There are 2 protein chains.
Amino acid sequence: MTLISDTPKPPYYAVIFTSIRTKGENGYSYMAEKMEKLASKQPGFLGVESARVSLGITVSYWSDIESIKNWKAQKLGYDKWYSALKVRVSKVERDYGFE
Amino acid sequence: MTLISDTPKPPYYAVIFTSIRTKGENGYSYMAEKMEKLASKQPGFLGVESARVSLGITVSYWSDIESIKNWKAQKLGYDKWYSALKVRVSKVERDYGFE
């Protein structure tokens, strides 16, 4: 098991979620864990990677754009947890790496 | 100034670099800072976002695929700094967010 998602050969999709948190917990950890669990049960879900210092980056991977649209239906009141956020939906065309 | 890159309207490109560091410094900070400075001077460069806990995620944004290919010429001996890494080149098709 590794922290880097074991994604299939491209093409597939990546949702790049970058955010800055608000002050205070406000149930953030609970929400974050629940969102990740729910995402992993969605059709088309391929994996998720997260890191946060001041800036948080979560990248989730999906087999197709329809799966992302379905998943976006789960959006909630994000302004409770984030003071700024940006979501970028992108199509992975190539990849490489090592382990 | 924000930690979230002020990117233009899609389409543009995102390079998603996820990695796990090796033990030891090995000049990592110097390399990381230098790479970021060099990238920011490349044609087509739009911005970069980074976060690291156990997993590190750096997403750099580019106006076109040719700029990425030119920048990749800068690749070095990554195994000195990373025990695992994955690079995904993707085309951002849609975005949304708030600040």
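**View 1. Ser50(A) sits in strand β2 of chain A, a strand that covers residues 45–52.** Welcome to this predicted model; our tour opens with a single serine. Is Ser50(A) buried, exposed or partly exposed? With a relative accessibility of 35%, Ser50(A) falls in the partly exposed class. Setting aside neighbours up to four places away in sequence, its contacts include two residues of its own chain, Ile57(A) and Thr58(A). Ser50(A) also reaches across to the other chain, where Val53(B), Leu55(B) and Ile57(B) are in contact with it. Another serine makes a handy landmark: Ser60(A) is 10 residues away from Ser50(A) in sequence, and their C-alpha atoms are 8.6 Å apart in space.

**View 2. Ser5(A) belongs to the segment that comes before β1 of chain A.** This serine has a relative accessibility of 10% and therefore counts as buried, since the cut-off for that class is under 20%. Which residues does Ser5(A) touch, beyond those up to four places away in sequence? Within chain A they are Gly47(A), Val48(A), Glu49(A) and Tyr61(A), and from chain B comes Arg88(B).

**View 3. Ile16(A) is among the residues that touch the most other members of the largest nonpolar core.** That core has 24 residues, and Ile57(A), Val59(A), Ile16(B), Ile57(B) and Val59(B) share this distinction with Ile16(A). Which strands each supply at least two residues of the core? In chain A they are β1 (12–21), β3 (55–62) and β4 (82–98), joined by β1 (12–21), β3 (55–62) and β4 (82–98) of chain B. As background, nonpolar side chains in soluble globular proteins tend to be buried together. Now look around Ile16(A) itself, leaving out neighbours within four places in sequence: from chain A, Thr58(A), Val59(A), Lys86(A), Val87(A), Arg88(A) and Ser90(A) are in contact with it. Chain B adds Ala14(B), Ile16(B), Val59(B) and Tyr61(B).

**View 4. Strand β3(B) is mostly covered, with seven of its eight residues buried.** This strand pairs with β1(B) through eight bridges, and the two run antiparallel. To find your place along β1(B) and β3(B), look for Phe17(B), whose bridge partner in β3(B) is Thr58(B). Strand β2 of chain B, residues 45–52, is also antiparallel to β3(B), with seven bridges between them. Here Phe45(B) has Trp62(B) of β3(B) as its bridge partner. How many residues separate β2(B) from β3(B) in the hairpin they form? There are two.

**View 5. Chain A has two helices and four strands.** Following the sequence, you meet them in the pattern β-α-β-β-α-β. Along the principal axes, the C-alpha atoms of chain A fill a box of roughly 40 × 30 × 25 Å. Its radius of gyration is 14 Å, which agrees with the value near 13 Å for a compact globule of 99 residues. Of the contacts in chain A with a separation of 6 or more, 78% join residues 24 or more positions apart. Buried residues account for 42% of the chain. Chain A exposes about 5300 Å², and carbon and sulfur atoms supply 53% of that area.

**View 6. A turn of 180° and a shift of 0.0 Å along the axis lay chain A on chain B with an RMSD of 0.0 Å.** This is the relation of a two-fold axis. The two copies use the same surface, as 98% of the contact residues of chain A recur in chain B.

Conventions:
Residues numbered from 1 in each chain as written. Chains lettered and ligands numbered in written order. Predicted model: local features only at pLDDT ≥ 70, side-chain atom pairs only at ≥ 80, totals over all residues. Heavy atoms only, no water. Core = buried A, V, L, I, M, F, W, Y, C linked by side-chain atoms within 4.5 Å. Buried < 20%, exposed > 50% of the residue type's maximum accessible area, 1.4 Å probe, protein only. Contact = heavy atoms within 4.5 Å. Least-squares fit on C-alpha atoms with pLDDT ≥ 70 in both. Rg over C-alpha atoms; globule rule 2.2 N^0.38 Å. Areas by Shrake-Rupley, 256 points an atom, 1.4 Å probe, with all protein chains shown as cover. Pairing = 2+ DSSP bridges.
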